[in-house]
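I opened my notebook to look up a few contacts, a pocket and some odd backbone angles. Here is what I was looking at.

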Amino acid sequence: MQQAVGVRPWYRGAVCCGLLVGVATLIQMGALAWVVDRVISDGASLEAVFGGVAMIVVAIAARALAQWGQEVCGQACGLRVKQQVRARLLARLQQLGPVRLASRHSAGLASQLVDQVESLEGYYARFLPQVVLAALIPMIYLAVVFWLNWLAAIWLLIAAPLIPLFMALIGMGAQRLNEAQFQAVTRLSGHFLDRVRGIATLQLFGLAERSVEEVSEVAHDYRRRSLKTLRVAFLSSAVLEFFAAVSVAVVAIYIGFGLLGYIQYGPADRLDLFSGLFILLLAPEFFQPLRTLSQHYHDRASALGAAEGLVALLEPEAGEEGAPGRAYDETEPDEAQRQRPGAVALDDVELRHRGRERILGPLSLKVDPGEVVALIGPSGSGKSSLLQLIAGFIAPSAGRVRVTSTPAIAWLDQRPLIVQGTLAENLRLVAPGASDEALRDALGQAGLQAWLASSPAGLDTPLGERGAGLSGGEGQRLALARVFLSPAKLVLLDEPTAALDPETEREVIAGLTRLAASGRTLVVATHHPAIMAMAGRVLAIKGGRLSTVERPDASREAYS
């Protein structure tokens with residue numbers, strides 16, 4: 001209902017068009033009963049009933065036009081709600097950042113963002129307007145039937161609640177089935193993506209066929225759940241159609257026996273061809289809005305099943321209570337700060353994660369453009385978390401992080417991103433318009449000129465997913481070349497020399513030295529004494545707080 005607030009004009013348009021459909025149907029049936037009565041009872045000619053025939057034609061045209069308007073307004077309503085929800089989800093994913101999203105499977109998130117949001121459309125486009133129409137249109141028809149024959153109206157009034165009653169009973173089961181179905185498709189998405197990502201390893205160990213069987217088994221489970229949901233939907237439609245058909249049949253029997261004179265009770269003796277035919281034509285239309293609502297009740301169950309997962313994603317996590325910090329404050333009045341690319345300022349920042357005590361803070365930090373700062377501390381002290389805060393990968397639980405958002409920030413950690421493609425394509429991820437000469441220059445600054453010269457394909461050397469074809473040191477220097485190629489003034493490095501051999505370490509550190517000499521701002525989490533030696537400041541993290549270490553040489557002994 002909160003999402004429906006922003007689409008009320010389209011929602012009201014769908015309801016108004018639906019009411020016009022009901023009124024046009026009433027006029028059409030009344031005119032048809034009048035024409036038949038005049039022709040059969042009075043023997044009127046076609047010229048005498050021309051006005052009634054014209055009214056039927058006009059009512060049919062108006063009904064078709066109103067149905068088109070109802071469909072258009074409903075679709076517009078559903079489309080705008082999907083846009084709103086997707087915008088909220090994308091904003092939420094951006095707020096969570098890659099750190100908090102690491103615990104969620106990317107395939108599951110994609111399923112929520114696409115499939116589950118799509119499942120909301122039917123609720124707003126069809127079900128929600130039909131709820132109003134299922135209450136108003138039968139009341140209008142009931143009033144007309146009551147005016148013609150109160151006994152027939154009473155029977156319709158008795159039969160009408162049976163449809164919503166059974167619809168609600170079946171709908172509760174359908175909602176639970178839809179929730180289980182969405183959970184199953186989320187698991188299936190993650191299961192399939194995991195197998196695709198690890199297909200090379202599975203083939204090496206001879207487990208490819210077994211993986212195919214596992215995926216097939218999970219897919220069959222999803223198929224069974226889908227068919228079970230469809231069975232419930234078809235069953236609900238069959239039950240409601242049965243009650244509607246029986247009710248119409250009872251009204252038809254009453255009218256038939258009344259016209260034949262077999263029923264003398266109540267207003268039966270006043271039945272004539274016009275009133276009897278009019279009631280008989282209105283009886284199916286009286287139940288039609290309820291039958292249509294039952295058809296769209298599956299949309300409601302599907303939407304509620306999808307909303308269960310979406311609400312769980314949109315709910316704030318522990319540590320997000322109150323007003324969260326701003327990763328990039330564009331409203332900061334200090335214009336001088338914004339005009340100095342590479343500058344960093346943290347004001348009383350705190351960070352908490354779900355189920356854990358405070359990780360960082362409160363702490364404050366200021367880094368000037370062109371400065372090199374080394375962060376040291378024992379494992380788990382929060383060095384990586386501090387870099388992630390500065391990068392905007394995670395929002396602070398309190399305080400403010402002020403970083404100039406343009407040009408971009410460069411990030412380099414122990415596992416550089418390397419995609420399937422050529423060497424040039426991997427370099428151009430950060431600079432799509434860079435020339436071949438610029439690519440070679442960046443590789444040279446990163447210490448890869450000898451490797452490039454020995455490669456027969458040069459910049460067209462093919463690279464596999466996650467750096468297949470490169471050693472760990474070559475992948476790290478490739479990522480460093482991207483940093484040289486990027487326009488970023490602020491470079492954040494998380495243990496860039498970890499797990500490298502001594503020779504590769506020296507080459508990477510030489511590249512970092514050249515990077516610092518180019519005027520970039522470097523903030524490095526490290527244990528390496530050579531990187532601490534090149535830093536202008538060394539800051540130790542202990543107990544979530546920052547302290548300045550006067551001598552980089554002593555810092556390694558104290559905090560390694």
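Which residues do ring pairs link into a cluster? I found Tyr123, Tyr124 and Phe127 joined in this way. A note to myself before going on: this is a predicted model.

**Entry 1: aromatic rings**

I kept going with the rings. The search gave me six aromatic pairs. Tyr123 and Tyr124 make an edge-to-face pair, with 5.1 Å from centre to centre and 80 degrees between the planes. I looked up the burial of these two tyrosines as well, and both Tyr123 and Tyr124 are buried.

Next I turned to Phe274 and Phe278. Their pair is tilted, with 45 degrees between the planes and 5.7 Å between the centres. I asked myself how far apart Phe274 and Phe278 are in helix α9. They are four residues apart, so about one helical turn separates them in that helix, which covers residues 273-314. Phe274 is partly exposed at 22% relative accessibility, whereas Phe278 is buried at 7%.

**Entry 2: salt bridges**

How many salt bridges does a search of the whole structure find? I got 10, and I wrote down three of them here.

I began with Arg38 and Asp42, whose side chains meet at 3.4 Å, N to O. Is Asp42 buried or exposed? Asp42 is exposed, since its relative accessible area is 52% and the cut-off for that class is over 50%. Arg38 is partly exposed, at 24% relative accessibility.

Then I looked at Lys82 and Glu121, which form a salt bridge at 3.2 Å, N to O. Lys82 belongs to helix α2 (residues 50-101) and Glu121 to helix α4 (residues 121-148), so this pair ties together parts that lie 39 residues apart in sequence. Lys82 is buried, with a relative accessible area of 7%.

The third one is Arg86 with Glu118, where the closest N and O atoms are 3.1 Å apart. This pair also links distant parts of the chain, with Arg86 in helix α2 and Glu118 in helix α3 (residues 106-118), 32 residues away. Arg86 is partly exposed at 23%, and Glu118 is partly exposed at 35%. I was pleased to see these residues come together: Lys82, Arg86, Glu118 and Glu121 are joined into one network by salt bridges that share partners.

**Entry 3: the largest pocket**

Here I looked up the volume first, and the largest pocket comes to about 1300 Å³. Its lining has 49 residues, and those nearest the centre are Trp411, Asp413, Gln414, Arg415 and Pro416. Which elements give two or more residues to this lining? They are α2, α11 (383-391), β5 (409-412) and α15 (472-485). I noted that α15 gives the most, with six residues. So helix α2 turns up again here, after holding Lys82 and Arg86 in the salt-bridge entry.

I also sorted the lining by character. It divides into 24 nonpolar residues, 16 polar ones and nine charged ones. Which domains give the lining at least three residues each? Both domain 1 (7-191 + 227-312) and domain 2 (335-549) do.

**Entry 4: backbone angles**

I went looking for unusual phi values, and a reminder belongs here: most residues other than glycine have a negative phi. Asp348 has a positive phi, near 50 degrees. I placed Asp348 in strand β1, which covers residues 344-352.

Glu495 was another one I wrote down, with a positive phi of about 50 degrees although it is not a glycine. Where is Glu495 placed? Glu495 sits in the loop between β8 (490-494) and α16 (502-517). Glu495 counts as buried, because its relative accessibility is 13% and the cut-off for buried is under 20%.

**Entry 5: a long-range neighbour**

My last look-up was His353, in the loop between β1 and β2 (358-367). Is His353 buried or exposed? His353 is buried, with a relative accessible area of 15%. I then checked His353 against Arg100: the two are 253 residues apart in sequence, while their C-alpha atoms are 8.3 Å apart in space.

Note on methods
Residues numbered from 1 in each chain as written. Predicted model: local features only at pLDDT ≥ 70, side-chain atom pairs only at ≥ 80, totals over all residues. Heavy atoms only, no water. Salt bridge = Lys/Arg side-chain N within 4 Å of Asp/Glu carboxyl O. Buried < 20%, exposed > 50% of the residue type's maximum accessible area, 1.4 Å probe, protein only. Phe/Tyr/Trp six-rings, centres within 6.5 Å; stacked < 30°, edge-to-face > 60°. 1 Å grid on protein atoms, 1.4 Å probe; cavity = no way out; pocket = protein on both sides within 12 Å on 5 of 7 lines; lining within 4 Å. Points joined across faces, edges and corners; volume = space filled by probe spheres on them. Nonpolar A, V, L, I, M, F, W, Y, C, P; charged D, E, K, R; others polar. Domains from an automatic or database assignment.
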